[in-house]
Amino acid sequence: MTELQPLPRGLDDIDAAFMTQVLRRSGVISQTNEVVSQVEAGVGMTAGYFSSIKKVRCAYRDPTDAPTQFVAKAWPSLELASKDSIAGMFIKDIKGYQVAKDRFYPRPTVHLAAYDAVENRFALIMEDANAYAEHKAHERELTFDEVMRMIPGLVDVAVAWEGADQGAKAAELAEMGVGLWTAPENIGGLKAAMQGGALFWDAITARTDSSLITGEPWPQRFGVPDFTRMMTTRLDGFFAAARPENGATCTLAHGDLRGDNIFFCNDSQEYPHGWLCIDYQLMFRGPVPTDLANLMTSGSVLPEVYAAESQAKIQRSFYEQFMARTRRYPDYTFERFADEYRMMSTLQFVYFVGYGAAIVQAGAFNNDMGLRVELGGKGATVADLPPEEIRQRMWWKKALANFAESFSALGLAERLRALPEDLDGLGPWVELPEHLH
């Protein structure tokens, strides 16, 4: 088998010579064939927050029926978290592609999943699912029928890993770096990260002149002036009921189940449910409804799908299919399921605030990136933005509308108001610059 040269430090290192090594090693091309050139394309700003990604179309020297379309991932050009955190996410992503298929999410074929943590080199090379499947990017939100089509596969994973807070399942996932959502280091880290973005998102969602806000500004909609700050200071108490030691269910969660990570294809032996997903960097162990709740509040489903009546039907379908197969939670009530769903519906919003802190601060302090329109204070408009930032804003607008509708229906503001404020572990807030006061 061909030995690989050093793994890439970034996307530029994944060139024709490197692809030749990878594809020879995985048996895609013969040991005498090679990639003579490749055409590259980006994937847009709503993908690749914790890695840099490009699409690669390879041309071979010798005629072959080998696939030509691939996706390559390497270290991110913009670091939205600490290097250690990004490395941990990348390792989880790589190990996710190594789990047995019958115990995991349906996924594309991977030709290289490797890392050298000492040298800070990480690489994933996989088939481009766009070659045979429809990418449910944020321009193409999921319909009600598509969400229902995903439920059996999501239940498969939930059942396969139920009870993952203890025993062999817990040990296996811990070895992969997949921790509990409610672990103090996770909640504490998110809480601290949210301090960097909370005041900015409160400022954005309170505006009446932003194209990102659909309907009423959040202070009027939720009846509180600082929903995001309130969420930040009550994070521990809000997720207390998601702790296994407090009676919560526990299974594997994808952690970032949204349109840019989902593909639909024809039913086949390889993909019996007719869909697949990618990007396992944010996997964790959490309550059974986590993946469903995340998907339904990700800005990736149509408004008529996240409307309260449709959400109720979708929740009930998942619950009934899970209860027909569970062995670990035979006494799991729908009321408990609905409460866990409500908690985990905030997942994507927490990421927006915490992991997006670098983006809001770039807009506010440097008049840079997609939020300089609202935060830059120098008159930038959407027309001034490059296409990738416009696409990013398109997702933000859909997600914020999704959050507002779902959080209102789920009564999250009332739930947060009833919790005591907890400032433990918080330092100084990153304050708004003068021009935003």
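## Two asparagines with positive phi, helix α15 and Thr-205

Asn-367 is placed in the loop between α15 and α16, and in this predicted model its phi is near 50°, a positive value in a residue other than glycine. The residue follows just after α15, and because its relative accessibility is 23%, Asn-367 counts as partly exposed.

A second asparagine can be set beside Asn-367. Asn-120 lies in the loop between β4 (110-116) and β5 (121-127), where its phi, near 60°, is likewise positive in a residue other than glycine; with 27% relative accessibility, Asn-120 counts as partly exposed.

| Residue | Phi | Relative accessibility |
|---|---|---|
| Asn-120 | near 60° | 27% |
| Asn-367 | near 50° | 23% |

Helix α15 itself, spanning residues 357-366, has Ala-357, Ile-359, Val-360, Ala-362, Gly-363 and Ala-364 among its buried residues. The elements that cover these buried residues include α5 (184-194), α6, α14 (347-354), α16 (372-375) and α17 (387-409).

One of those covering elements, α6, comprises residues 198-205 and contains Thr-205. Is Thr-205 buried or exposed? Thr-205 counts as buried because its relative accessibility is 2%, which falls under the 20% cut-off. A polar atom of the Thr-205 side chain lies 3.4 Å from the backbone oxygen of Asp-202. Leaving aside residues up to four places away in sequence, Thr-205 touches Ile-213, Pro-217, Trp-218, Pro-219 and Leu-400.

How values were computed: Residues numbered from 1 in each chain as written. Predicted model: local features only at pLDDT ≥ 70, side-chain atom pairs only at ≥ 80, totals over all residues. Heavy atoms only, no water. Helix = DSSP H or I, 4+ residues; strand = E, 2+ residues; numbered from the N terminus. Buried < 20%, exposed > 50% of the residue type's maximum accessible area, 1.4 Å probe, protein only. Polar contact = N/O pair within 3.5 Å; in protein donor to acceptor, adjacent residues only side chain to side chain. Contact = heavy atoms within 4.5 Å.
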